[in-house]
Amino acid sequence: MSEPRTQPLEIRPLMISRILEVDWADAHTSRLTFEHLRVECPCAECKGHTPDQARVITGKADVSIVDVVPVGNYAVQLHFSDGHSTGIFTWEYLRMLDCE
């Protein structure tokens, strides 16, 4: 089993505020903007296969999340309103994004 700081209890996309809330088992709640999640998408198209291949993603202030799809017991795949949906956001990665 994962440690409490990376074990989500509930994931809520708040459409009006464009915030993804994640309640973690250690009683912390992450509040990540849809824009932040989109520009930090971990997929190879956005981050590349090596650091020098990473793209700078801009112009995503108005992006929404249209679907949150579970991936096993370790991640979610976020589908964004700009058509992008290839990133797999692991629990560890989502929690790390909260610390930036």
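Okay, let's start with two rings: Phe89 is buried, and Tyr93 is buried as well. Keep in mind as I go that this is a predicted model. These two residues form an aromatic pair. How are the rings of Phe89 and Tyr93 arranged? They're tilted, with 6.0 Å from centre to centre and 50 degrees between the planes. Those are the values to quote, because a pair of aromatic rings is described by the distance of the centres and the angle of the planes. And if you're wondering about the count, it comes to one aromatic pair.

Let's stay with Phe89 for a moment, since it takes us to the strands. Phe89 sits in β6, where it is the bridge partner of Val76. Strand β6 covers residues 88-90, and it pairs with β5 in the antiparallel sense over three bridges.

Now β5 has another partner. Strand β4, residues 65-71, runs antiparallel to β5, and six bridges join the two. One of the pairings there is Pro70 with Val76 in β5. So Val76 has come up twice: it partners Pro70, and it partners Phe89 in β6. β4 and β5 make a hairpin, with three residues between them. In that turn you'll find Gly72, which has a positive phi of about 55 degrees.

While we're on β5, have a look at His79, which lies in that strand. Is His79 buried or exposed? Neither label quite fits: His79 is partly exposed, because its relative accessible area is 23%, and buried would need under 20%. Across the hairpin, the C-alpha atoms of His79 and Val66 are 5.5 Å apart, although 13 residues separate them along the chain. Setting aside neighbours within four places in sequence, His79 contacts Ser64, Ile65, Val66, Asp67, Val69, His84 and Ser85.

Right, on to the inside. The largest nonpolar core has 21 residues. Which of its members touch the most others? Those are Leu37, Ile65, Leu78, Phe80, Phe89 and Leu94. Yes, there's Phe89 again. Where does the core come from? Elements that supply at least two residues each are β2 (19-24), α1 (34-39), β5 (75-80) and α3 (91-98). α3 gives the most, with four residues. As a general background point, nonpolar side chains tend to be buried together in soluble globular proteins.

Take Leu37 as a way into that core. Not counting residues up to four places away in sequence, Leu37 touches Leu20, Leu32, Ile65, Leu78, Phe80, Phe89, Leu94 and Leu97.

Now let's go to the other end of the chain. Strand β1 is residues 8-14, and Leu14 belongs to it. Leu14 counts as partly exposed, because its relative accessibility is 27%. Beyond four places in sequence, Leu14 touches Ile19, Glu21, Arg31 and Phe34. For Leu14 and Arg31, the C-alpha atoms are 9.8 Å apart, with their positions 17 residues apart in sequence.

After β1 comes a loop leading to β2, and Arg18 is in it. Arg18 is a residue other than glycine with a positive phi, near 55 degrees. Why point that out? Because most residues other than glycine have a negative phi. Arg18 is partly exposed, with a relative accessible area of 29%.

Ala27 is another one to look at. Ala27 has a positive phi near 80 degrees, and it lies in the loop between β2 and β3 (29-33). Is Ala27 buried or exposed? Exposed, because its relative accessible area is 72%, and the cut-off is over 50%.

Between those two loops we have Asp23, in strand β2. Here's one that may surprise you, given the charge you'd draw on paper: Asp23 counts as buried, because its relative accessibility is 18%. The side chain of Asp23 makes a polar contact with the side chain of Arg12, at 2.7 Å. Leaving out neighbours within four places, Asp23 is in contact with Gln7, Pro8, Leu9, Glu10, Arg12, His28 and Thr29.

Last, the annotation. An unreviewed UniProt entry gives "domain: Gamma-butyrobetaine hydroxylase-like N-terminal" for residues 17-95. Over residues 17-95, the chain is 19% helix and 34% strand, and the end C-alpha atoms are 20 Å apart.

Notes
Residues are numbered from 1 along each chain as its sequence is written. This is a predicted model: local features need pLDDT of at least 70, side-chain atom pairs count only at pLDDT 80 or more; totals for chains, interfaces and linings use all residues. Side-chain values use heavy atoms; hydrogens and water are left out. A nonpolar core is a set of buried Ala, Val, Leu, Ile, Met, Phe, Trp, Tyr and Cys residues joined through side-chain atoms within 4.5 Å. Buried means under 20% relative accessible area, exposed over 50%, partly exposed in between (1.4 Å probe, protein chains only). Contact means heavy atoms within 4.5 Å. UniProt positions are given in the numbering used here, feature names are shortened, and annotations may be inferred rather than shown by experiment. A polar contact is a pair of N or O atoms within 3.5 Å; within protein, one must be able to donate a hydrogen and the other to accept it, and residues adjacent in sequence count only if both atoms are side-chain atoms. Two strands pair if DSSP finds at least two bridges between them. Rings of Phe, Tyr and Trp (its six-membered ring) pair if their centres lie within 6.5 Å; planes under 30 degrees apart count as stacked, over 60 as edge-to-face and the rest as tilted.
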